[in-house]
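Student: I am new to this structure and would like a close look at a single part of it. Could you pick one helix and walk me through how it sits among its surroundings?

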Amino acid sequence: MKRVVKRPVVKSKKASAIKKAAEKAVRARAMMPSEVKVGIKIFQIVKGDPGESPKGDRFWGVVNYRERLIIIAEDLFAQDVQMTILHEILHALLLAIGRGGLDRVNEGLVNSMECGLFQLIQDNPELMRYLQEKF
Ligand SMILES: [Zn+2]
């Protein structure tokens with residue numbers, strides 16, 4: 001359901017590279033879709049504070065099923081935004097198909113599916129366009 005931020009401490013020598021990546025993330029933010037349809041439900045996707053664990057670790061994202069809302073942390077790199085959106089959509093999808101009850105089990109499944117599916121989407125744009133066709 002949620003992901004924990006484990007960011008390394010920023011070293012000054014890498015600051016400019018990190019700043020460039022942050023600027024790229026800002027540009028990517030404009031392209032982030034504002035909603036996603038999962039099953040019969042439409043979830044809004046917004047930037048914001050997804051909260052934190054009881055230990056104080058900040059989450060990268062969270063899906064709120066009741067409010068049909070996906071919240072993505074503001075300070076993620078562009079690729080992490082993409083992957084976190086996919087991650088939260090997978091949680092919503094599991095719930096939509098009746099498999100949302102086992103969150104602890106699902107977290108590992110969702111993490112694995114997120115990585116595998118993201119790579120598949122990134123590496124196969126022609127296949128993704130083909131799968132979008134409605135015959
Ligand atoms: Zn999760």
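Tutor: Happy to! One definition will help us first: a residue is called buried if 20 or more other C-beta atoms lie within 10 Å of its own. Please also keep in mind that this is a predicted model.

Let's begin with the setting. The chain has four helices and four strands, and from the N terminus on they run α-β-β-β-β-α-α-α. Our part is helix α2, residues 78–96. With 19 residues at 1.5 Å a residue, α2 should span 27 Å, and because its end C-alpha atoms are 27 Å apart, the model agrees with that expectation. After α2 comes Gly98, which has a positive phi, near 80 degrees.

What does the helix lie on? To see that, look at the sheet. Its four strands form an open sheet in the order β1-β2-β4-β3, with mixed pairing. The edges are β1 and β3 (61–64), each of which pairs on one side only. From one strand to the next, the twist averages 25 degrees.

Now follow the pairings. Strand β1 (residues 35–38) runs antiparallel to β2 (residues 41–48), and four bridges join them. One pair to find is Val36 with its bridge partner Phe43 in β2. Two residues lie between these strands in the hairpin, where Gly39 takes a positive phi near 65 degrees. On to the next pairing: β2 and β4 (residues 69–73) run parallel and are joined by five bridges. Here Gly48 stands opposite Ala73 in β4.

With the sheet in view, we can return to the helix. α2 lies across β1, β2, β3 and β4, and it runs at about 30 degrees to β3. Many residues of α2 are worth checking for burial; the buried ones include Asp80, Val81, Thr84, Ile85, Glu88 and Leu94. A general point helps in reading such a list: an α-helix has 3.6 residues a turn, so residues three or four places apart point the same way.

Finally, zoom in on His91, a residue of helix α2. His91 counts as buried because 24 other C-beta atoms lie within 10 Å, and the cut-off is 20 or more. Val63 makes a good landmark for His91: the two are 28 residues apart in sequence, yet 7.5 Å apart in space, C-alpha to C-alpha. For the chain as a whole, residues 24 or more positions apart account for 56% of the contacts with a separation of 6 or more. Buried residues make up 21% of the 135 residues in the chain, and His91 belongs to that buried group.

Note on methods. Residues are numbered from 1 along each chain as its sequence is written. This is a predicted model: local features need pLDDT of at least 70, side-chain atom pairs count only at pLDDT 80 or more; totals for chains, interfaces and linings use all residues. A residue is buried if 20 or more other C-beta atoms lie within 10 Å of its own, exposed if 12 or fewer, and partly exposed in between; C-beta atoms are placed from the backbone. Two residues are in contact if their C-beta atoms, placed from the backbone, lie within 7 Å. The expected span of a helix is 1.5 Å times one less than its number of residues. Two strands pair if DSSP finds at least two bridges between them. Axes are lines fitted to C-alpha atoms, for helices over the stretch in contact, and angles run from 0 to 180 degrees between N-to-C directions.
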